[in-house]
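Please look over the model below with its aromatic rings and the packing around one helix in mind. The briefing that follows groups the points by topic.

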Amino acid sequence: MPPSDTTAPAASPDREALLAQALGQPWYHTIEVAPGRFTDGTVDHREMTPKLLPAVLSGKRCLDVGTFDGYFAFAMEERGASEVAAVDLETFDQAEWPPRNRPHLLANGGDAEPGERFKIAAKLRDSKVRRALTPIYDISPATVGGPFDHVVLSDLLLHVRDPVGALEAVRTVIAPGGRLLVAEEVNVRLSLASPRRAAAKLQTGWTDYGWWQANVAGLWQWLHQAGFRIEKRAFYTLNAKGAMRRLHVAYEVTPDPTAPQAG
């Protein structure tokens, strides 16, 4: 069995206290945790979700890679998926932080669990989403319980040292005919200066957690080298607070049967 945890629904006497806890703290994702009640998220994907996800996922096995607070996992569950798994790390110290930034990040909560808020949301939503705890490079049918018909990877490639290797691992769990949605911020200046040539900015000197900010062609090239072909592309500005409100590109891709297998 893949490493995972399931979260039972919150007991009725505790639900109001748990809801107050959820609404009284900052979140990364804006998530509905009770009818009409939303967490205070730094990012809000709700407006763009109808353009990013199919309206109906009935009978589909779905995977959210890098789930964190769980927005896309819960969104796929809402759309009728027969099963949803959500990949995350067991503790933050498993993250692939830039080496020079790692000591002070470890000192400031490296042993904390990324899924603490996910568990709160899952309880309040009576969700059956299953968390699968593994680094992205170790994703395989054995570790996450694949294959999956629909996979989401949102704002994660900028945090990994080897984006192509990460995408190759994700490709191993996509079922025949399955699709992957990759949504990432892009470097506007590089995209305008080099619209056809792949380029990426190394971010390690000015952000604690990030590695790369690719231009549009760079993200396409990562997907191409990892063995995918592009089916759809969409641009949007992420609805987020402060500096995180940035231009994004979303690629819907499928595994290219002519591409070599990873490894």
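**Packing around helix H3**

The buried residues of H3 are covered by elements that include S2, helix H2 (49–52), S6, strand S7 (83–88), helix H5 (116–124) and strand S9 (148–154). Here helices (H or I, at least four residues) and strands (E, at least two) are DSSP runs numbered from the N terminus, and buried means under 20% relative accessible area, exposed over 50% and partly exposed in between, with a 1.4 Å probe and protein chains only. This is a predicted model, in which local features need pLDDT of at least 70 and side-chain atom pairs count only at pLDDT 80 or more, while totals for chains, interfaces and linings use all residues. Residues are numbered from 1 along each chain as its sequence is written, and side-chain values use heavy atoms, with hydrogens and water left out.

**Helix H3**
- Six of the eight residues of H3 are buried, namely Tyr71, Phe72, Ala73, Phe74, Ala75 and Met76.
- After H3 comes Gly80, which has a positive phi near 95°.

**Aromatic pairs**
- The structure holds four aromatic pairs, where rings of Phe, Tyr and Trp (its six-membered ring) pair if their centres lie within 6.5 Å, and planes under 30 degrees apart count as stacked, over 60 as edge-to-face and the rest as tilted.
- Tyr28 and Phe68 form a tilted pair, at 5.6 Å centre to centre and 55° between the planes, and this pair joins parts of the chain 40 residues apart.

**Charge over a ring**
- Arg46 lies over the face of Phe38, at 4.2 Å from the ring centre, the criterion being NZ of Lys or CZ of Arg within 6 Å of the ring centre and within 35 degrees of the ring normal.

Technical notes
Contact means heavy atoms within 4.5 Å.
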